[in-house]
Amino acid sequence: MEPHVQEPKTDYRPLGVSGLGGWLILIQIGLFLTVILLAVQLFQQIIPTFTTETWEMLTSKQSDYYHPLWGPVLIFEMVYNTLFLLFSVYTIFAFYSKKAILPRLMIIFYGLSLIVGIIDYLLLLQIPLAKELEDGSSIRDIAKSVITCAIWIPYFIKSERVHNTFVR
């Protein structure tokens with residue numbers, strides 16, 4: 001007869017809150033809206049500026065609307081919006097795969113949006129026509145981006161749900 005050996009009890013602590021619920025629902029909505037709005041902006045506003053007529057009107061020295069920064073600004077916006085659209089799609093993939101890298105991706109997502117928004121605004125202020133057409137919406141967008149960063153970056157750093165959900 002073998003002596004009865006009692007195995008030590010392992011005390012498993014619950015993970016706490018986890019999963020894609022809670023405040024992460026707002027993040028999901030925001031990611032999908034970002035993809036939709038970027039796609040719409042690309043196809044309705046940015047790509048049309050590369051038609052021969054519009055491009056010539058803004059970048060030809062003979063045009064009344066010419067400014068040397070139009071070309072670089074338009075190319076910058078096209079490249080940024082295309083890459084950010086792809087980055088947003090990858091971020092959605094990482095989100096639903098519950099990848100451990102997701103919190104860093106979201107911090108980059110929000111920080112990059114703010115930084116590029118400021119850079120784009122400062123570039124457009126250098127172009128008289130763009131400066132004249134500015135109605136304050138760019139400043140409002142930057143202010144919203146600052147508030148968004150102030151809320152969501154600390155959330156992704158400190159949230160128990162985030163730490164318990166994105167672990168793969």
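This section describes how helix α3 packs against α1, α2 and α4 in a predicted model, together with three individual residues.

The packing of α1 (24-46) against helix α3 (residues 70-96) is considered first. The axes of these two helices come within 10 Å and cross at roughly 150°. Angles over 145 degrees count as roughly antiparallel, and α1 and α3 are therefore roughly antiparallel to each other. The crossing in which α1 passes α3 is left-handed. On the side of α1, the residues that meet α3 include Leu 24, Ile 27, Leu 31, Phe 32, Val 35, Leu 38, Leu 42 and Ile 46. On the side of α3, the partners include Met 78, Phe 84, Leu 85, Val 89, Thr 91, Ile 92, Phe 95 and Tyr 96. Polar residues such as Gln 28, Thr 34 and Gln 41 of α1 also take part, as do Asn 81, Thr 82 and Ser 88 of α3. By residue class, the contact of α1 with α3 divides into 16 nonpolar, 7 polar and 1 charged.

Between α1 and α2 (52-59) runs a loop that holds Thr 49. With a relative accessibility of 16%, Thr 49 counts as buried, because the limit for that class is under 20%. Its side chain reaches back to the backbone oxygen of Ile 46 at a distance of 2.5 Å. Ile 46 is in turn among the α1 residues that meet α3. When neighbours within four places in sequence are set aside, Thr 49 is in contact with Thr 54, Trp 55 and Leu 74. Of these partners, Trp 55 in α2 and Leu 74 in α3 also belong to the contact between those two helices.

The axes of α2 and α3 lie 9 Å apart, and the packing angle is about 135°. The two helices are therefore oblique to each other. From α2, Trp 55, Leu 58 and Thr 59 meet Trp 70, Gly 71, Leu 74 and Ile 75 of α3. The residues of this contact comprise 5 nonpolar and 2 polar, with no charged.

Helix α3 also packs against α4 (102-125), at an angle of about 165° and with the axes 11 Å apart. In consequence, α3 and α4 are roughly antiparallel to each other, and their crossing is left-handed. The α3 residues involved include Trp 70, Val 73, Phe 76, Tyr 80, Phe 84, Phe 87, Tyr 90, Thr 91 and Phe 95. They face a set in α4 that includes Leu 102, Leu 105, Met 106, Phe 109, Leu 112, Val 116, Ile 119 and Leu 123. The contact of α3 with α4 divides into 19 nonpolar, 3 polar and 2 charged residues.

Thr 91 is placed in helix α3 and appears in the contacts with α1 and with α4. At 0% relative accessibility, Thr 91 counts as buried. Apart from residues up to four places away in sequence, Thr 91 touches Leu 31, Leu 102, Leu 105 and Met 106. Leu 31 is a residue of α1, whereas Leu 102, Leu 105 and Met 106 are residues of α4. Between the C-alpha atoms of Thr 91 and His 163, which are 72 residues apart along the chain, the separation is 17 Å.

The loop between α3 and α4 contains Lys 98. Although Lys 98 is not a glycine, its phi is positive, at about 55°. Lys 98 has a relative accessible area of 25% and is partly exposed.

Methods
Residues numbered from 1 in each chain as written. Predicted model: local features only at pLDDT ≥ 70, side-chain atom pairs only at ≥ 80, totals over all residues. Heavy atoms only, no water. Helix = DSSP H or I, 4+ residues; strand = E, 2+ residues; numbered from the N terminus. Buried < 20%, exposed > 50% of the residue type's maximum accessible area, 1.4 Å probe, protein only. Polar contact = N/O pair within 3.5 Å; in protein donor to acceptor, adjacent residues only side chain to side chain. Contact = heavy atoms within 4.5 Å. Axes fitted to C-alpha atoms, helices over the stretch in contact; angles between N-to-C directions. Parallel < 35°, antiparallel > 145°, perpendicular 65-115°, else oblique. Left-handed = near helix turned anticlockwise from the far one by under 90°.
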